[in-house]
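Hi,

Here's the structure I promised to pass along. Have a look at it first, and my notes come right after.

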Amino acid sequence: MGLSMGIVGLPNVGKSTLFNALLKKQIADASNYPFCTIAPNKGIVEVPDGRLKILAEMINVEKIVPAVVEFVDIAGLVKGASKGEGLGNQFLANIREVNAICHVVRLFEDKSVAHTETELNPKMDAELINTELIMADLQTLEKREAPKGRIAKEDTIMWETVCILKEELEKGKMAIDVELKEEQKNEAKKLCLLTAKPIIYVANIGEEHLIKKDIIAEEIKLKPIIPLCAKLESELAVLSSEDQKEYLKQYGLEEPGLNKLIKTAYSTLGLISFLTTGEKETRAWTIEKGMKAREAAGVIHSDFIKNFIKAAVISYDDYVRIGGWTEAKSQGKVRFEGADYVMKEGDVVEFMVRQ
């Protein structure tokens, strides 16, 4: 879908270590000094989805193609970035290009890794960066001028939107949290504000905190927040599945924290998956939430849009419980939907198109 999640945070909070773990190889430079990441690193990450293996095993298909998310490792931000301090201008330019933000805050103690602030205070760190983003957005809004002369309705709505946003951002509110009418929301999108992007927080904790990670997440009071140990996750990334299970067992964990992060990133970007399974492959197809059947068919092949007839649809749970297409069709459990059907997460689908 061409949507990406930017990993941001203060210098040395573990952004590049997290990125390396996501990519399961050392791409980003995780050196111990501010701004060791300058040009943003980009990587495609598979979305963990246990449903695909089950579907593939039902018809003995070897090829599995999961959904993916693009992550971008962006340079560390410092106080004053909105005025060009550090790599502020570059940081802000890079973050404008992503669709959502993964904001890493530090909660691990390590004297060998420098920290730009005097104490570990993840909420304060998050507020520092959010303040810089707000200030950058205010600069964008300040450049807007009141319409003059013969004013179109659209211009009036835009100016109303700018005034509301400016007032609320000056109070410290993020654009995404400002209440707007539907027509104002449409105009706000044209402003491309940094604080209008969805955010998920990652608390990079030490291994000693893993046992009480959920309590720590609650105490930080940032939502949504995912506590994980980037160092541990990077060590896990190079292990086999069996060794991972043994390693995780030591910390009382059922799965890598990255799994939750990737899935949360996927949903935060407004994405869902529909599934197809056949002789050649079992696959998760990425679409935007709310997409209709005709457009979803076009994700498989553009010709499917104009040649769309209907879609055979069944939920994943029903498909597995009943035992596949043949049994589901014989029991009348398959629905035949038209072009305007709104696709749902986990729909197992066969599209019928004109040849």
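Below is what turned up, starting with the pocket and moving on to the aromatic rings. Keep in mind that this is a predicted model.

The largest pocket has a volume of about 1100 Å³. Its lining takes in 37 residues, and those nearest the centre are Val47, Pro48, Asp49, Gly50 and Asn259. By class, that lining splits into 20 nonpolar, eleven charged and six polar residues. Several elements supply at least two lining residues each, including helix H1 (15-23), strand E2 (41-46) and helix H2 (50-58). Helix H10 gives the largest share, with six residues.

Now the rings. The count comes to five aromatic pairs. Phe274 and Trp285 count as stacked because their ring centres are 6.4 Å apart and their planes sit at 15 degrees. That pair ties strand E8 to strand E9, with the two positions eleven residues apart in sequence numbering. Phe274 also pairs with Phe351, this time edge-to-face, at 5.7 Å centre to centre and 90 degrees between the planes. Here the partners are 77 residues apart, Phe274 in strand E8 and Phe351 in strand E12. Phe274 and Trp285 are both buried, and Phe351 is buried too. Ring pairs join Phe274, Trp285, Phe308 and Phe351 into a cluster.

Two arginines lie over ring faces as well: Arg51 over Tyr316, 5.9 Å from the ring centre, and Arg106 over Phe108, at 4.2 Å.

One last spot is Gly290, in the loop between strand E9 and helix H11. Gly290 counts as partly exposed because its relative accessibility is 44%.

Cheers

Technical notes:
Residues are numbered from 1 along each chain as its sequence is written. This is a predicted model: local features need pLDDT of at least 70, side-chain atom pairs count only at pLDDT 80 or more; totals for chains, interfaces and linings use all residues. Side-chain values use heavy atoms; hydrogens and water are left out. On a 1 Å grid over the protein atoms alone, a cavity is a set of points where a 1.4 Å probe fits but cannot get out, and a pocket is an open set with protein on both sides within 12 Å along at least five of seven lines; lining residues have an atom within 4 Å of a point. Grid points are joined across faces, edges and corners, and a volume is the space filled by probe spheres set on the points. Helices (H or I, at least four residues) and strands (E, at least two) are DSSP runs, numbered from the N terminus. Ala, Val, Leu, Ile, Met, Phe, Trp, Tyr, Cys and Pro count as nonpolar, Asp, Glu, Lys and Arg as charged, and the others, Gly among them, as polar. Buried means under 20% relative accessible area, exposed over 50%, partly exposed in between (1.4 Å probe, protein chains only). Rings of Phe, Tyr and Trp (its six-membered ring) pair if their centres lie within 6.5 Å; planes under 30 degrees apart count as stacked, over 60 as edge-to-face and the rest as tilted. A charge sits over a ring if NZ of Lys or CZ of Arg is within 6 Å of the ring centre and within 35 degrees of the ring normal.
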